[in-house]
Amino acid sequence: MTAQNRTATALPTIAASTFALTGAGCSAGTEPEAGTAPPRPPSSAPSSPSPPPASASARGDSQYRDGAYTATGTYGGGPSHITVTLTLDDDVITRVAVAPHATNPTSRDYQERFATAVPQMVVGKNLDDVRLSRTAGSSGTPVGFNDALDQIKQQAAN
């Protein structure tokens, strides 16, 4: 057999072997090997930020106590207000929720859009690094959010 014929014969065999190896774990009813994690499907969602190399509490320089905190921030001449609830772990925001309180439909719309956008902007960030400005089309609601953050910093201070 010539080198060219061997290559022509080997390529389909290699391709079939590769398919068999990569396809083997995809069939229904197969369990992952003991001690291995099941394969994760590819994700189009952005990956979450990596945690800092050493936690603030591990270093002993945490500014804030871990836990859940709630504050109502005010803004505008009405005044308008929103309630912010967040969870801190080693000075990092791990969860946040914003509750709109506006009764005017336009104001309520701004607050609701703001509440939807905030988690993507602040979760995974150090509390002291968060200061919002115009967000989701709203320039007033971030003022109330920042006011609530200032209150939460006081509540959580070590």
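This passage describes a three-stranded sheet, the two helices packed on the sheet, and the core they share. The model is predicted.

The sheet is open and has 3 strands. Their order is β1-β2-β3, and the pairing is antiparallel. β1 and β3 stand at the edges. Each has a single partner strand, so one side of each is left without a neighbour in the sheet. On average, neighbouring strands are turned by 20 degrees against each other, direction ignored. Between β2 and β3, which run antiparallel, there are 8 bridges. Thr85 has its bridge partner in β3, namely Ala97.

Helix α3 packs on this sheet and touches β1, β2 and β3. The direction of α3 makes about 175 degrees with that of β3. Gln111 lies in this helix. Gln111 has a relative accessibility of 0% and therefore counts as buried, the cut-off being under 20%. The side chain of Gln111 reaches the backbone nitrogen of His101 at 2.8 Å. Leaving aside residues up to four places away in sequence, Gln111 touches Tyr75, Ser80, His81, Ile82, Pro100, His101, Ala102 and Thr141. One of these contacts, Thr141, belongs to helix α4 (residues 141-156).

Helix α4 has 16 residues. The helix reaches 22 Å from its first C-alpha to its last, close to the 22 Å expected at 1.5 Å a residue. α4 lies across β1, β2 and β3 and runs at about 140 degrees to β1. The buried residues of α4 are Thr141, Pro142, Gly144, Phe145, Asn146, Ala148, Leu149, Ile152, Lys153 and Ala156. What covers them includes the strands β1 (67-75), β2 (80-89) and β3 (92-100). Helix α3 (105-122) is also part of this cover.

Sheet and helices meet again in the largest nonpolar core, to which β1, β2, β3, α3 and α4 each give two or more residues. This core holds 23 residues. Its largest share, 5 residues, comes from α4. Val84, Leu86 and Phe145 touch the most other members. Phe145 is one of the buried residues of α4. Leu86 falls within the span of β2 (80-89). With residues up to four places away in sequence not counted, Leu86 touches Gly67, Ala68, Tyr69, Ile93, Arg95, Val96, Leu127, Leu149 and Ile152. Among these contacts, Leu149 and Ile152 are buried residues of α4.

Notes
Residues numbered from 1 in each chain as written. Predicted model: local features only at pLDDT ≥ 70, side-chain atom pairs only at ≥ 80, totals over all residues. Heavy atoms only, no water. Helix = DSSP H or I, 4+ residues; strand = E, 2+ residues; numbered from the N terminus. Expected span 1.5 Å × (residues − 1). Buried < 20%, exposed > 50% of the residue type's maximum accessible area, 1.4 Å probe, protein only. Contact = heavy atoms within 4.5 Å. Polar contact = N/O pair within 3.5 Å; in protein donor to acceptor, adjacent residues only side chain to side chain. Pairing = 2+ DSSP bridges. Axes fitted to C-alpha atoms, helices over the stretch in contact; angles between N-to-C directions. Core = buried A, V, L, I, M, F, W, Y, C linked by side-chain atoms within 4.5 Å.
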